Each structure stands twice: as structure tokens, then as C-alpha cells.
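Reader: Could you go through this structure with me slowly? I'm in my first year, so plain sentences would help.

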Amino acid sequence: MMKIVPAASLALLMAGVAAPALAQSSPDWSGPYIGIYGGVIDSNEEAGERLIFDRDFDGAFDDTVVTTTGADAFSPGSCDGAANNQLAAGGCNKDDRGPEGGVRLGYDFQFGGLVAGVVGEWSAVNLNDTVTSFSTTPANYVFGREVDSIAAIRARMGVAAGSGLYYVTAGAAQADVTNTFRTTNGANSFTVTQNEDKADGFQLGAGVEWRLAPGLSLTGEYMYTDLQADDYIIRVGNTGATPATNPFILPPNTAGTDMTRSNGNMEMHALRIGMNLRF
């Protein structure tokens with residue numbers, strides 16, 4: 001009997017220790033949370049992107065800019081990134097990946113081992129997406145898009161296991177974009193005729209959230225963003241001193257040529273770490 005009592009006491013003590021540990025390993029994910037995150041973001045540059053032209057101002061960028069002999073004035077070609085000099089042989093400097101940091105606000109509902117919720121985010125971003133084409137002049141023409149910020153609202157669904165929540169997420173996204181243009185061509189005028197600073201699309205990703213304490217969790221996730229940028233159009237015209245043989249102002253349209261980039265799509269990949277405060 002004396003051996004049974006200490007054994008029972010030890011069992012009760014172990015159960016008392018194990019119960020909080022078990023409860024801690026299976027937290028309740030229901031409720032609101034706020035968080036911060038940071039990481040790196042990279043653009044997926046489209047191979048073969050180039051500049052395209054509208055010589056007859058019909059809104060269709062399906063024309064070729066030619067010289068007086070009928071040769072393609074942009075036969076040197078194009079490259080992803082910003083030109084190193086005015087010659088196509090000099091190549092382009094590839095766009096670097098950039099930093100991302102932001103804040104989030106969300107709410108989760110737990111149904112047994114399943115967790116579903118919604119999250120809204122705003123990210124400050126510094127990422128460039130640039131393309132260059134070269135003319136036979138020689139000259140370069142560089143179009144750039146700088147992503148300044150991204151706002152998103154997404155659904156989130158996951159599975160709770162131990163202290164972790166393993167989830168996938170998808171939803172809508174919109175970015176603020178700054179468009180830029182530069183060239184080494186000094187013979188023509190260059191006027192922005194359309195400049196939209198928004199890009200709309202979607203995000204999807206996956207990650208894990210790990211409960212460090214009852215009200216604090218650590219997050220790690222991958223996020224894919226696909227956006228369609230609005231038009232940014234440059235009209236190449238006559239400075240008043242532009243030679244009549246200049247390819248941009250040759251007949252049948254001596255008023256000039258509209259020019260834009262061939263790809264309005266922006267694809268980005270981000271890796272993030274962060275922390276959430278849960279209530």
C-alpha cells in the first residue's frame with residue numbers, strides 16, 4: 001500500500017505537468033492577429049521581352065520602325081535589364097532582387113484540426129523590372145517599372161499540428177508602380193502620352209506559423225505575385241531639327257511613333273519571415 005501511494009502521487013504529478021505541455025502544443029488559432037514581416041523579392045524577367053511600336057496611331061502596337069532603305073531600325077535587338085551603353089554588344093545589367101517589408105492584419109477560425117481565415121497585407125517594396133531595345137543609330141531605349149508597394153487581401157487555409165499551422169493562401173493584389181524611360185537618342189522628342197501607376201493581379205503562397213507563446217507566433221512563407229501593369233506609352237516625335245530621314249517620323253506618319261514595352265505582366269517571388277501577435 002505504501003508503494004502504491006507514492007506511485008499514484010507520481011502519476012498525478014506527471015499528468016499535471018503533461019497536461020499544460022499538451023495544451024501548449026495544440027494552441028487554439030481562432031481569433032484576430034496583427035503582424036510584421038520582411039524578406040527578399042525577385043522579379044521573373046520574361047525572356048524575349050522587347051519594345052513594340054505603333055506607327056499609324058491605331059492603338060495596335062504591331063508595326064516595325066524601318067530606315068529609308070526599309071531595314072529594321074531595331075535590328076540590333078533587345079535585352080532584359082538596363083543598357084550598359086548605347087551599343088547592343090554592351091549588353092544589359094540585370095535587375096537585382098530587392099527588399100520587402102510590411103504589416104498584416106488577419107482573423108482565423110478553427111474547426112478541429114482545420115484553420116480558415118482571411119488576411120490583409122501592405123508591403124513596402126524596392127524592385128525594378130527593366131527592358132532595353134537598341135536601334136541602329138546606335139542608341140538605347142530603356143523602359144523601367146519600379147514596384148513601390150503591394151497591397152493584398154487573401155484567404156488562408158491550413159492544418160494545425162502541434163505548435164505549427166501549415167497553410168496555403170491566395171487572393172487579390174494591387175501594386176503602386178513608378179514608370180521610367182531614358183534613351184541616348186538625342187535626335188527625337190520623347191513625350192509620355194499614357195502613364196498609369198497601378199498594377200492589378202493575384203498572390204498565392206504557402207507557409208508555416210509556429211506558436212512561440214500563447215499570444216506570439218513566428219512565420220515563414222513563400223509568396224508568388226502576378227500583376228498586370230497598365231499602359232506606359234512614349235511618343236517619339238520631331239524636335240524641329242530632326243532629319244526627315246529619321247525612322248520614327250518617316251511617311252506615312254510624319255507625326256511620330258508610339259512606343260511601349262511588349263510585356264505588361266510582372267511576376268515576383270518573395271521569401272519572408274515575420275511575427276504575429278495574436279489576441
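Reader: Let's take the charges to begin with: how far apart are the mean positions of the positive and negative charges of the protein?
Author: Please keep in mind that this is a predicted model. The protein has 16 positive and 31 negative charges, and the mean positions of these two groups are 10 Å apart.

Reader: OK, and what about the surface, how much of it belongs to carbon and sulfur atoms?
Author: Carbon and sulfur atoms account for 63% of the accessible surface, which comes to about 13700 Å² for the protein. As for burial, 41% of the 279 residues are buried.

Reader: Switching topic, how many helices and strands are there in the protein?
Author: The protein has one helix and 15 strands. Its radius of gyration is 28 Å, while the globule rule gives 19 Å for 279 residues, so the protein is more spread out than a compact globule. You can follow this in the C-alpha trace, which spans about 110 × 35 × 20 Å along the principal axes.

Reader: And the contacts, what share of them join residues at least 24 apart?
Author: If we take the contacts between residues at least 6 apart in sequence, 75% of them join residues at least 24 apart.

Reader: I'd like to look at the rings now. How many aromatic pairs does the structure hold?
Author: The structure holds 10 aromatic pairs, and one of them is formed by Y141 and F190, a tilted pair with 6.4 Å from centre to centre and 55 degrees between the planes. This pair links distant parts of the chain, since Y141 lies in strand β8 and F190 in strand β10, 49 residues apart.

Reader: Is Y141 buried or exposed?
Author: Y141 counts as buried because its relative accessibility is 0%, which is under the cut-off of 20%. F190, at 24% relative accessibility, counts as partly exposed.

Reader: Which ring forms another pair with F190?
Author: That is F181: the ring centres of F181 and F190 are 5.5 Å apart and their planes are at 40 degrees, so this pair is tilted. Ring pairs also link F181, F190 and Y141 with F53, F74, F143, Y232 and F248 into a cluster.

Reader: One last place, then: where is A82, and what is it in contact with?
Author: A82 is in strand β4, which covers residues 82–83. Leaving aside neighbours within four places in sequence, A82 is in contact with G91, C92, N93, T130, T132, V142 and R182. Between A82 and H269 there are 20 Å in space, C-alpha to C-alpha, and the two are 187 residues apart in sequence.

Terms used: Residues are numbered from 1 along each chain as its sequence is written. This is a predicted model: local features need pLDDT of at least 70, side-chain atom pairs count only at pLDDT 80 or more; totals for chains, interfaces and linings use all residues. Side-chain values use heavy atoms; hydrogens and water are left out. Helices (H or I, at least four residues) and strands (E, at least two) are DSSP runs, numbered from the N terminus. The radius of gyration is taken over C-alpha atoms; the globule rule is 2.2 Å times the number of residues to the power 0.38. Buried means under 20% relative accessible area, exposed over 50%, partly exposed in between (1.4 Å probe, protein chains only). Contact means heavy atoms within 4.5 Å. Accessible areas come from the Shrake-Rupley method with a 1.4 Å probe; for residues, only the protein chains shown count as cover. Lys and Arg count as positive and Asp and Glu as negative; His and the chain ends are not counted. The place of a charge is taken as NZ of Lys, CZ of Arg, CG of Asp or CD of Glu. Rings of Phe, Tyr and Trp (its six-membered ring) pair if their centres lie within 6.5 Å; planes under 30 degrees apart count as stacked, over 60 as edge-to-face and the rest as tilted.
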